[in-house]
Amino acid sequence: MKYFIDQLQQKIEEKDSRICVGLDPHLEMMPENVLAAELLEDIETNQKEIADSVLKFNQNLIDAVADMTAVVKPQMAFYEKLGVPGMECLWQTIAYAKTKDLIVLLDGKRNDIGSTAGAYAEAYLENKKIGVDSITINPYLGSDGVLPFLENKEKGAFALLRTSNPSAVDLQDLKLDDGRTVYQAVGDFLQDLGRDYLGECGYSNLAAVVGATYPKELKEIRSQLDSVFFLIPGFGAQGGGAADIKAGFDEDGRGAVVNSSRGINFAYRQEEYSYFGAENYAKAARAAAEKMKKEINDVLK
Ligand SMILES: O=C(O)c1cc(=O)[nH]c(=O)n1[C@@H]1O[C@H](COP(=O)(O)O)[C@@H](O)[C@H]1O
């Protein structure tokens with residue numbers, strides 16, 4: 001039995017890549033040759049056709065980046081939007097990623113009271129037919145809502161710690177009586193809880209999400225938490241760059257992966273990669289992923 005976090009760290013090292021490729025099919029950004037725009041005029045009626053197109057899109061993206069990423073992160077909202085066919089598409093996307101030996105981080109930001117959190121863990125992490133390796137969770141219900149996601153040591157959970165969005169400050173930066181911010185308290189909570197789930201690599205199966213868009217906080221959180229692995233979203237489309245995420249890694253360049261979704265999925269829409277053309281969206285995605293991988297490795301040298 002190999003701990004989730006050791007499987008992840010090993011794959012990162014094998015591929016020498018610290019990127020996480022989000023699979024976020026924003027329908028309005030899809031290439032016309034994959035998804036005809038008129039189908040979007042009535043999404044509910046056309047769910048099946050749209051979901052079939054999204055699956056093809058995802059499979060081509062996965063083929064394009066599989067050798068240079070350890071992990072892919074499908075964001076559930078985009079699939080839920082497409083009803084039952086959307087969920088089929090999600091499961092098939094996950095199954096396809098597993099055929100390429102990728103780690104799948106399902107982005108569902110789940111949680112609830114203990115018994116319901118247990119049902120979520122069973123639904124995703126314990127489902128024998130769906131090869132999900134880890135899931136994003138919300139830690140605000142406290143330990144009984146988090147522990148069910150850690151029961152199986154081959155699986156992992158990424159808890160929201162300091163998010164990348166502009167409104168992250170509204171609640172997460174509030175000061176507590178003991179002088180810590182809410183997010184610092186969440187960090188301490190996650191590190192303490194995660195100590196029972198430490199892998200050989202020194203990091204825990206209970207990981208955390210810290211946005212790339214707040215480099216000062218990222219640096220501070222990294223120095224606060226030495227056994228919590230980070231998912232760092234917000235690279236690219238949200239404005240984060242390689243210099244911003246550097247401090248999220250430890251001195252050996254371990255302990256984090258950086259997510260980009262739109263910046264890779266829809267690279268063909270960016271001026272830099274527009275020469276590929278919409279029909280070569282997968283090649284454009286590969287070029288964007290390659291650049292991101294290199295930028296991160298270079299900044300960590
Ligand atoms: O948990 C996440 O993945 C997440 C947390 C966070 O603080 N910020 C954040 O952007 N994300 C997710 O990361 C992805 C970012 O997408 P892009 O901005 O297109 O790269 C989306 O799927 C978000 O849901």
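I began by fixing my classes: Ala, Val, Leu, Ile, Met, Phe, Trp, Tyr, Cys and Pro count as nonpolar, Asp, Glu, Lys and Arg as charged, and the others, Gly among them, as polar. I noted that the model is predicted.

**Entry 1: the ligand shell.** I sorted the residues of the shell around the ligand and obtained 3 nonpolar, 13 polar and 3 charged. I then asked which of the 19 residues around the ligand come nearest. They are Thr163, Ser164, Pro233, Ser261 and Arg262. Strand 8 (256–260) and helix 11 (262–265) are the elements that give two or more residues to this shell.

**Entry 2: lysine 109.** I found that an unreviewed UniProt entry annotates Lys109 as "active site". I located lysine 109 in strand 3, residues 103–110. Is lysine 109 buried, partly exposed or exposed? I counted 17 C-beta neighbours inside 10 Å, and a residue needs 20 or more to be buried and 12 or fewer to be exposed, so lysine 109 is partly exposed. Leaving out residues up to four places away in sequence, I listed its contacts as Thr136, Ile137, Asn138 and Leu160.

**Entry 3: strand 2 and its partners.** I looked at strand 2 (residues 71–74) and found both faces covered. Val71 and Lys73 are buried on one side, and Val72 and Pro74 are buried on the other. I recalled that side chains in a regular strand alternate between the two faces of the sheet. Strand 1 (residues 19–23) runs parallel to strand 2, joined by 4 bridges, and cysteine 20 stands opposite valine 71. I followed the chain from strand 1 through helix 2 (residues 47–65) to strand 2 and recorded a right-handed β-α-β crossover. Strand 2 also pairs with strand 3 in the parallel sense, over 2 bridges, with valine 72 opposite valine 104.

Key: Residues numbered from 1 in each chain as written. Predicted model: local features only at pLDDT ≥ 70, side-chain atom pairs only at ≥ 80, totals over all residues. Near = placed C-beta within 6 Å. UniProt positions renumbered as here; feature names shortened; annotations may be inferred. Contact = placed C-beta atoms within 7 Å. Pairing = 2+ DSSP bridges. Right-handed = clockwise from strand over helix to strand, strands pointing away.
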